[in-house]
Amino acid sequence: MPKILNSYRFRRFKNRLFFGICLACVIIAIVPLLSILFEVIARGASQINLHFLTSNVLQGGIGPAIQGTLVIIGLTSVIGIPIGILSGIYLAEYGNNKFASTMRVINNVLTQVPSVIIGITAFGLIIIYVTGTYSPLAGAVALSFMMIPIVARTTEESLKLVPNSIREASLALGVHKWRTTISVVLAAAKSGLITGTLLGVARIAGETAPLLFTILGNSFFFQGFNAPMDALPLRIFLNSRLDAAEAQSAAWGAALILILMVLALNIGVRVASRGRNLSFKVT
Amino acid sequence: MQSINLNAWFGTKQALKDINLSIKPNAVTAIIGPSGCGKSTFIRVLNRMHELIPTAKLTGQVLLDGEDIYAKEVDPVMIRRRVGMVFQKPNPFPTMSIYDNVAAGLRLTGAKKGKNLDEVVRRSLEQATLWDEVKDDLRKPGTSISGGQQQRLCIARAIALQPEVILMDEPTSALDPIASAKIEKLVVELKRDYTVAIVTHNMQQASRVSDYTAFLYLGALIEYGSTREIFESPKNPLTEKYITGEFG
Amino acid sequence: MARRITGDKIFQVVIAAMAASALVILVLNAYVLTSGSTIVFGAFGSDFLTGTSWNPVEGRQAFGVLPYIWGTLLTSGIALLIGVPLSLGIAIFLAEMSPKSVRVPLSYLVELLAAVPSVIYGLWGLFVLRFWSLNYIETPLNQYLGWIPIFGGTPGGLDVFTAGLILAIMIIPTIASISREVIAAVPNSIREGAYSIGATKWETIRHWVLSYGRSGIFGAIILGLGRAVGETMAVTMVIGNATGPRAMVSSLFDPGQTLPSLIANGFIESPNPLEKSAYVGAGLVLLVISIVINIAAYLMVTRVLKIKGGAVE
C-alpha cells in the first residue's frame with residue numbers, strides 16, 4: 001500500500017510541476033513583449049514633440065517617415081484592397097473548383113514568402129522596367145503583393161460566414177447573382193471585410209525589406225513618384241545603423257509611433273470582431 | 001458503493017435531486033430512465049468524472065467501501081483506479097496498440113514491461129472474452145478491430161486495474177445486436193469478481209443482465225429494488241408507466 | 001435573356017481574374033528571381049551553391065552562398081530549439097490548464113507578439129537583447145564551455161546566437177496558436193478514456209492528447225520554421241553581417257549571415273550586374289527553400305485540422 005501512495009504522490013507532484021512549467025513558458029514568452037513595449041516607450045517617448053513629428057530628417061525629425069508611411073499605405077490599399085476583396089469574393093462565392101483551391105493554396109504560400117523576395121521582385125519589375133528609379137509606386141506594388149493574399153483570405157472567410165439563406169432569399173426575388181453578391185452578401189459581411197482589411201494594413205505597415213529596395217528612404221518629404229521616399233520602418237532601420245546618438249534616439253521615437261499605429265490597428269481588429277466567430281490569425 | 005443525499009448541478013440547472021442509492025457488491029445494478037433523467041450524470045458522479053465539466057457542482061456524499069470519495073483529502077485519480085468506467089461510444093486509444101491499451105493504466109503506476117505485464121494483459125483480455133480474437137494481433141492499433149471488439153477492449157482496459165467497481169454508461173447503444181449480446185453476457189460474468197453499475201435506456205437489457213434496478217426520472221430516484229420486483233411488480237405508478245412504455 | 005447571362009458572366013470572369021492574382025504574383029516572383037539569377041549561375045554554376053567566397057571586387061569576383069545557407073540553418077535551428085518547447089508549453093497551458101478567465105487575455109498577449117513589426121524586434125535586439133544575451137548567456141557559456149567549438153570565439157552580442165534567440169521569440173506565436181488549436185481539436189473521448197483509468201491531467205496530455213495531435217503539432221513547427229527561414233529585418237540587425245568564408249561560422253557567438261540578411265545588407269549597394277545577380281540568386285535559393293517548407297507545413301496542418309473525429313495516423 002505505501003508504495004502505491006508514494007507513486008500517487010509523485011504523480012500528483014509531476015502534475016503540479018508541469019503545470020508550473022507550462023505557466024512559466026507563458027510568462028517567459030510574454031516578457032519580451034513587455035520589454036519591447038517598455039523600451040520603445042521609455043526610449044521613444046522623450047522624442048515625441050511637434051518638431052519631431054513634422055520636421056525632416058536633417059532637422060532631426062521624422063516627418064517624412066510618417067508622411068511616407070501614410071502615402072505608401074494609401075497607395076498600397078488602392079491596389080491591394082480591391083484586388084484582394086474581389087479575389088476573396090471569387091473564392092467564397094464561385095470557388096468550388098480546382099482553380100479556386102489552387103489559388104487558395106498559392107495565397108497561403110504567398111503569405112509566407114520572405115519579404116526580401118517581394119522586394120527584389122518589385123525592384124526587378126517596376127524599377128527596372130517601369131520607372132527607372134526608386135519610386136513609391138514600386139513600394140506600393142511590393143506591399144500589395146503581400147496585402148492581396150491576406151485580404152483575399154480574410155474576405156473569403158467573412159463571406160463564408162454569411163448564411164446561405166440570405167443569398168437564396170435574394171436570388172429567389174429574381175436578383176442576379178452578381179448583384180446579390182455585391183449588394184446583399186457583401187453588405188452582410190461588411191464588418192468582417194473591414195477587419196480583414198485592417199489586418200492587411202497592419203501587416204504591411206510594419207514591413208521594411210520590400211521598401212528597402214523600392215523606395216530607399218529619403219531625408220525629405222514626398223518628392224513625387226519618381227523619387228525615393230521615406231517610411232517609418234525604413235527610417236528605423238536606416239537610423240539604427242548610424243552611430244550618432246540623435247539618430248538612434250530618433251529611431252526609437254519612430255518605433256514608438258509605428259508600434260502605436262500597428263497595435264491600434266490590431267486592437268481595433270480585435271475589438272471589432274469580438275462576439276463574432278471571426279478569428280483571423282494575426283500570424 | 002452508496003450515494004447519500006446526492007445533489008448535482010450543471011451551472012444553475014439541477015441534474016440530480018437527493019439521490020440515496022446503494023450499489024450492491026458483486027451484483028449488477030441497472031440504472032434506467034428516460035433521456036435527460038440524470039442517469040449518465042449519476043454514474044459520472046460515482047467515479048468523479050462529473051467534476052471535469054467546468055460548471056459542475058455537487059453536494060452530498062458518495063461512499064466507496066464506507067469512505068466518502070468526495071472528502072477533501074481524496075484524490076480523484078485514486079478513485080478512478082478503483083472505480084472504472086466504460087463509455088457509450090467505445091474509445092480505445094487510437095495511438096496505441098491493443099496490448100498497450102490494456103496495459104495503459106498499469107504503466108501509469110510504473111509497471112514495467114515483462115512477464116508480469118504480459119500476464120495481466122492476457123488475463124484482462126480473457127476476462128473480457130476478447131483474448132481469443134486478438135491474441136495474434138496484439139500489436140495492431142486499438143482502433144483496428146470492430147466496434148464490439150473495441151468495447152470489449154475498453155472493458156479489458158478497465159479490468160486490468162482490478163477496480164472494485166465497474167461503471168458502464170450505455171455500453172451497447174452504439175453497437176449492433178450481436179456485439180451487444182456478447183457484451184451483455186460478459187456483464188453477467190463480470191459480477192463474479194466486480195461490482196457493476198450499468199446505465200441503459202434499453203429496458204429489456206436491464207431486465208436481462210441486472211440483479212437490481214434503479215429508476216430515475218427528472219433527476220430524482222423514483223424507485224429501487226430487485227430487478228424482478230421492478231419489472232414485475234413496481235410500486236410506483238411512474239415506474240410502471242415507464243416499464244410499460246407509456247413514455248420514455 | 002442575353003443581358004442576364006452577360007452581367008453575371010462578366011462579373012464572374014472579372015473576379016476570377018482577380019483571384020488569379022495569386023498565381024500572377026507567384027509567377028512574377030519566380031520569373032524575376034530566375035531571370036535575375038541567370039547571370040550569376042551562368043558564371044559560377046553550382047559553385048554558387050557550394051562556394052564560400054563573396055568578393056564583389058571587379059576582376060576577382062567570386063560568389064558562393066553556402067555560408068548563408070549555413071547561417072540560415074543555424075539560426076532557424078536555434079530558433080526551433082528554444083522556441084518549440086516554449087510554444088508547446090504555452091499551447092498546453094492555454095488549451096488544457098488555464099482557467100477560463102485568463103485564457104483569452106493571455107492568448108491574446110501571445111498573439112500580440114506576432115503583431116510587432118520585425119524592424120522593431122531588430123531595434124530592440126540591437127540595443128537591448130544583445131546586451132542581455134551577451135552578459136547572461138554568451139559570456140558565461142563561453143567562459144565555462146568555450147572549449148566546445150560552438151561556444152568558442154569571442155562573444156560580442158551581435159551574432160548567430162542572438163539572431164536565433166530573437167527568431168525563437170518571433171516564431172512562438174505561430175507555433176503556439178496552431179498547436180493550441182490542434183490540442184483543442186483532440187476529441188474528448190480520448191481524454192475521458194485516459195481519466196477513466198486514473199490518469200492525471202498531465203499524463204493525459206503527455207501520453208494521449210499530444211500523440212493524437214502530433215502531426216498537427218509537427219505541421220505547426222514546420223510552419224514556424226518557414227517563418228524563421230524567411231525572417232529578414234530582425235535578423236539583419238543583430239546577426240553581425242559577416243560575409244565570405246568568415247560567415248561559415250563554427251561558433252554560435254561569431255557574427256554570421258543568413259540568406260535574407262545578406263540580401264538586405266547588400267542588394268541596394270551593388271553596382272555591377274554580376275554582383276546584383278548574386279543577390280538575386282541568393283533570393284532564388286531562399287525562395288525555393290521557403291516554398292518547400294511552407295507547402296509541407298500547409299499540407300500537414302490542414303489535413304489534421306480537417307479531421308476532427310477520426311484517428312490520425
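Let me start inside chain A, where residues 24 or more positions apart account for 74% of the contacts with a separation of 6 or more. Please keep in mind throughout that what we are looking at is a predicted model.

Staying with chain A, you can count twelve helices and zero strands in it, and if you follow the chain from the N terminus on, every step in the order of its elements reads α. Its radius of gyration is 24 Å, well over the 19 Å that the globule rule gives for 283 residues, and so chain A is more spread out than a compact globule. Along the principal axes, the C-alpha trace of this chain spans about 80 × 65 × 35 Å, and 52% of its 283 residues count as buried.

Now let us turn to chain B, which has ten helices and ten strands. What radius of gyration would a compact globule of 248 residues have, and what does chain B have? The expected value is near 18 Å, and chain B has 18 Å, which agrees. Its C-alpha trace spans about 55 × 45 × 30 Å along the principal axes, while 47% of its 248 residues count as buried. Among the contacts in chain B between residues at least 6 apart in sequence, 67% join residues at least 24 apart.

That brings me to chain C, and to how it meets the other two chains. With chain A, 72 residues of chain C are in contact with 72 residues of chain A, and on the chain C side the largest share, ten residues, comes from helix H2, residues 21–44. Sorted by class, that side of chain C has 51 nonpolar, 16 polar and five charged residues.

With chain B, the contact takes 16 residues from chain C and 21 residues from chain B. Which elements of chain C give two or more residues to this side? They are helix H8, residues 188–196, and helix H9, residues 201–212, and of the elements on this side H8(C) gives the most, with six residues. By class, the side of chain C that touches chain B has seven nonpolar, six polar and three charged residues.

Let me finish with a closer look at H9(C). At 1.5 Å a residue, its twelve residues should span 16 Å, and the end C-alpha atoms are 15 Å apart, which agrees. Several residues of this helix are buried, among them C:Trp202, C:Ile205, C:Trp208, C:Val209 and C:Tyr212, and the buried residues also include C:Lys201 and C:Glu203.

Notes: Residues are numbered from 1 along each chain as its sequence is written. Chains are lettered from A and ligands numbered from 1 in the order in which they are written. This is a predicted model: local features need pLDDT of at least 70, side-chain atom pairs count only at pLDDT 80 or more; totals for chains, interfaces and linings use all residues. Two residues are in contact if their C-beta atoms, placed from the backbone, lie within 7 Å. Helices (H or I, at least four residues) and strands (E, at least two) are DSSP runs, numbered from the N terminus. Ala, Val, Leu, Ile, Met, Phe, Trp, Tyr, Cys and Pro count as nonpolar, Asp, Glu, Lys and Arg as charged, and the others, Gly among them, as polar. The radius of gyration is taken over C-alpha atoms; the globule rule is 2.2 Å times the number of residues to the power 0.38. A residue is buried if 20 or more other C-beta atoms lie within 10 Å of its own, exposed if 12 or fewer, and partly exposed in between; C-beta atoms are placed from the backbone. The expected span of a helix is 1.5 Å times one less than its number of residues.
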